[in-house]
Each structure stands twice: as C-alpha cells, then as structure tokens.
Amino acid sequence: EWTRCQEAMAAAVRDLAVLREKAAREAGEAEAAIFDAHQMIIQDPETEADLQGAIKAGASAEAAVETIFAGEVEKFEALDDPYFRERAADFADVARRLLRRLLGIEEVSLTALDRPAVLVARDLLPSETAQLDRTLVRGFCTARGGPLSHTAILARSLGLPAVVGLGEELLDLAEEEPLIVDGTAGLVLAGADEQERAAYRQRAAASAERRAAALINCREPAVTRDGRRVEIGANIGLPGEEAAALEAGAEGIGLLRTEFLFAGRQTAPAEEEQVRAYRPIFAALGERPVIARTLDIGGDKPAAFLDIPREDNPFLGWRAIRIGLAQPDLLKSQLRALLRAGVGGNLKIMFPMIAVVAEMAAARELCRQAQAELLEEGLAAAADVEIGAMIEVPSAALLADHLAGHADFFSIGSNDLTQYTLAADRGNPAVAALFDALDPAVLRLIDRVIRAGHAAGIWVGLCGELAGDPLAIPLLLGLGLDEFSMGAAAVPAAKALIRKLSLAEAEALAREALDQPSAAAVRDQVYAWLAARELTGWVD
Ligand code: PEP
Ligand code: MG
C-alpha cells in the first residue's frame, strides 16, 4: 500500500508539473503558482510521514489519503484567518488528485466546452479553475467557497467575472438559462431583459479595456499627476506567490505572511527548514524589499505545537507577538532564519499585534540578539535590516509617536485595526456591516499613525485589504501613506488609479473624510469625488 501511495504521489507531482507548464504558457505565472503550491503539499515531509504512519497502522493507500487530508482540511477550516481557512480547498484538491491516481479515474476535463458559457457549479477546485478554457468560459458562479479562496483569487487574476458562496439554491437554475455574472457587485442575474443586458455589455467592455490598459503599464511606478510617488507592494502568504506579485508589477513584498510554516503543525519548523522556505522569495525579489511579518499565530489561529488553552476571547488573547515574546526561542529561531535567508536580499522585518511600547522594544532586542548570535557563530546574516511595527491595535495607533522611537517603519494592518476599533470580529458575518475600514474612526487612527511616523522621520505603509480598495486609495494617498501593499491581482489597477489622481486634491478629500460621521458618508463622499473626475469606472 505504501508503494502504491508513493507511486500515486510521484504521478500526481508529474501531472502537476505538466499542468504548471501549461498554465505558465497559456495563462501566466499567477495561475502556475497554484500548481507549485499543490506540489509542495504532496512533497511535504510531514504529510508523507503521516500517510506512511496511517498505512503502517493498517489503512489502505486510499483510506490513508482520505483521512490524512481530511484532517488537514479540517485544521485549515478551523482557522480564524479567512485567508488560511480557505487554503483548505487546496488540500481537498490535492487529495482528490491522489485518489483519482490511486483509483485510476480520469480527470474531468473542463476544457470540453464547445461554445461560450457561464459555468455553474457546487464548487470549483483551484486546479480546475486554472484549467478553464478562457476563450469559452465567460464567468462562473459557485454555491460554495469564499472570496479569499484560491478559486476566487484565480478568477480575479484571470479576469473572469465570478461570484462564489451563493448557496445551494444556485444549483436549481435551469440548464441553458442565460445569466449575467456581476463579480463587482457579487450578483448573478437570471432572466435579465435586453436593456439590462446591453448596459452590462457596455460595462464589461469598458472594464476589459481599463484592465488591459492597467496591465500594460503595471511595471511603471505609481506617481500622481502632481508628482508624488508611492510604493506598491504585494501581500503573499505562500511560497511561489512572489512570481505572480512581480508579474503584476509589485515593487516588493509589503507583507510576507509566514504562518504557512507554522499552521497545523505538531512541531515548530526548524530554523533550517525556515531558511529553505524563505530563500527562494529573496532570490526572486533581488534588490526589491521583502517585509517579513513574524509569526502571527495563536488564539484562534491554532498551532498544534503550542498547546494553547481554550480562550473565551481569542482575538483578545494569547496571539502573535505575545506568543513570540513569551516563547523567545521560537521567535528568535524565526528571526535567525529570516536574517540568514535575507543575505543578499532586501529584508525588512515587522512584528504583528504590537499593543504597547515595551513589546516593540523587546522584539527589537530579540532581533539584535539573533543578529549577534549569528555573527558569533560565523553564519552570514543580513545587515542594516529595517525593523517595523505593525499598527493594528488602537493602543498602538494612539501611541504611535512613542512607538516611532523603536521602529524604522510602520505598517498599518487595517484588517485587525478595523475589528479592534469597531469591536466587530472580522470573521463574523453577523457584524460584517459594522466592520468597515472606511469608518472615520479607523481613518482618524490611520491619519494619526501617518502623522506620527512622518514627524519621527519614518515611512508608513498599509498592508490590510484596504490598500487595494479603489475607494480607499485616494483617501490613503491624501493622508500621506508612503507604501500600499495588497493582493497581487489588485496591483495594476491601483497603480493606474494613482496615476490619475492629484495629491493636492486627494489631501483635501482626506481632510474632509476625517470629519464625516459614518463609513457610509465617507463612501458617498469618495464616490462623488471620483464621479466628478470621471473615475467611478474603478469602483463600479
Ligand atoms: C491586517 O490585520 O490588516 C493584516 C494585514 O494582517 P492579517 O490580515 O494577516 O491579520
Ligand atoms: Mg493582522
């Protein structure tokens, strides 16, 4: 059984290599990266050991694959961070591939369409999405899945209109029913009249034109009409994603989420393993900055090896830098690995969830120790590494002037800053309406952080979802933000929009927004401002 399992794994890796090659050729590196991630899942030594263990305990190869991968899927589904939760789909995808290999079942071909169509499915696997024939698939909608799944991320990078998570009723649609898929609004319209169809056709054409134009210049810098240049980075959370980031025109990695190394593990990753995981990212980025965020686990992002007791309020509990400082060996081994991997690159390090000044001072000291140790041991370590504080807790925003004395830069984590400011859990749909990063309360904190940073002579970035939101970009620019870091797919449009703006006008807009009474009022104000400049196409 173990031999069969190993053969299926080897065959699946070969299949994925072929698919990768095809995707890179036909669709680009963004789509190809999915297949790299899937190969890594199969080749993970821990998974391999688990499979072997299950087989030794008497399971067939199929049963071993099913149980081990179901366990991984469950682990990822239990994570609070929606980004990681949706990595579960990648494990399910890989498990199915292995099972097909073991059972000799042919892969269903989604390339067998003979005319243009909207695809309606219960769910689409990321690898299926990557193989869609884009000359014929005009869009897709699924009953399951979330907006941060690889399937959705891929749809975005393929430029395919898609709406996911519509619920099982979607599957009641009649075969051949004409559909309009409005990915921007998250709507699927059946039975539209001719007038509606014509309006949508026009919008689709205008949007395609804008996207194509944005992509052409995506490697050019983002400079406003009146000459203000801002840095545009990309957020990545899995090795391999840096290729898509560079292809989209990112000028660096503004947020490297390192949790992929820690999530769902029985033992913490060794320093060497971390060095090996980080190195290719620095190699790909060359002189461009890579801002690595140290481990942001704990609380409701469980890491099996930490054995965290159940907490009533995990978001207010033992997580991120709190764990790092309580278990300095764990954090120091990550810092050592980053410093070693970053040799010859442009490494910057930042700490998540800083709430008080003492945490930043202690984290910085740990970094200094890691550097000194490496030098003592004769190991090469990156030098002159900028150390930053993530500002995602209101207390940190309010004390930014004091924190600035201990940081070389700030990176605002608007996702967490929003949830803590509005006391609205970012993953709870019941309070989703409250969770709005454009709330003036959040904007006032952002304003304060930027001003405190600049007064102390340090630069300020923002790496939450807000950075890539076209409605937020004029505001953040006007507040003086120096660096925007976002999902790779958002980079070309963000740069193109910034090139259409004037800093002076954006500043006036931002000042006014700070005085609005509500997020809705801010949204109306920015929309009207964009409308006056004929720029609403970016947000429609
Ligand atoms: C944030 O909180 O805005 C952030 C960038 O970090 P994460 O989404 O990983 O918590
Ligand atoms: Mg955060």
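Ala, Val, Leu, Ile, Met, Phe, Trp, Tyr, Cys and Pro count as nonpolar, Asp, Glu, Lys and Arg as charged, and the others, Gly among them, as polar. This is a predicted model, where local features need pLDDT of at least 70 and side-chain atom pairs pLDDT 80 or more, while totals for chains, interfaces and linings use all residues. Residues are numbered from 1 along each chain, ligands are numbered from 1 in the order written, and side-chain values use heavy atoms, without hydrogens and water.

**Exercise 1.** Sort the shell around ligand 1 by class.

*Solution.* Start with who is there: a residue is near if one of its heavy atoms lies within 4 Å. That gives 14 residues, and Arg257, Arg293, Gly413, Asn415 and Arg426 come nearest. Now sort them: 7 are charged, 4 polar and 3 nonpolar.

**Exercise 2.** Find polar contacts of ligand 1, meaning pairs of N or O atoms within 3.5 Å.

*Solution.* Try Glu392 to begin: an N or O atom of its side chain is 2.9 Å from a ligand 1 oxygen. Next, look at backbones: a polar backbone atom of Asp416 is 3.0 Å from an oxygen of ligand 1, and one of Ser414 is 3.1 Å from an oxygen of ligand 1.

**Exercise 3.** Which element gives the most residues to the shell around ligand 1?

*Solution.* Elements here are DSSP runs numbered from the N terminus: helices (H or I, at least four residues) and strands (E, at least two). Check α17 (414–422) and β8 (253–257), the elements giving two or more residues. The winner is α17, with 3 residues.

How values were computed:
A polar contact is a pair of N or O atoms within 3.5 Å; within protein, one must be able to donate a hydrogen and the other to accept it, and residues adjacent in sequence count only if both atoms are side-chain atoms.
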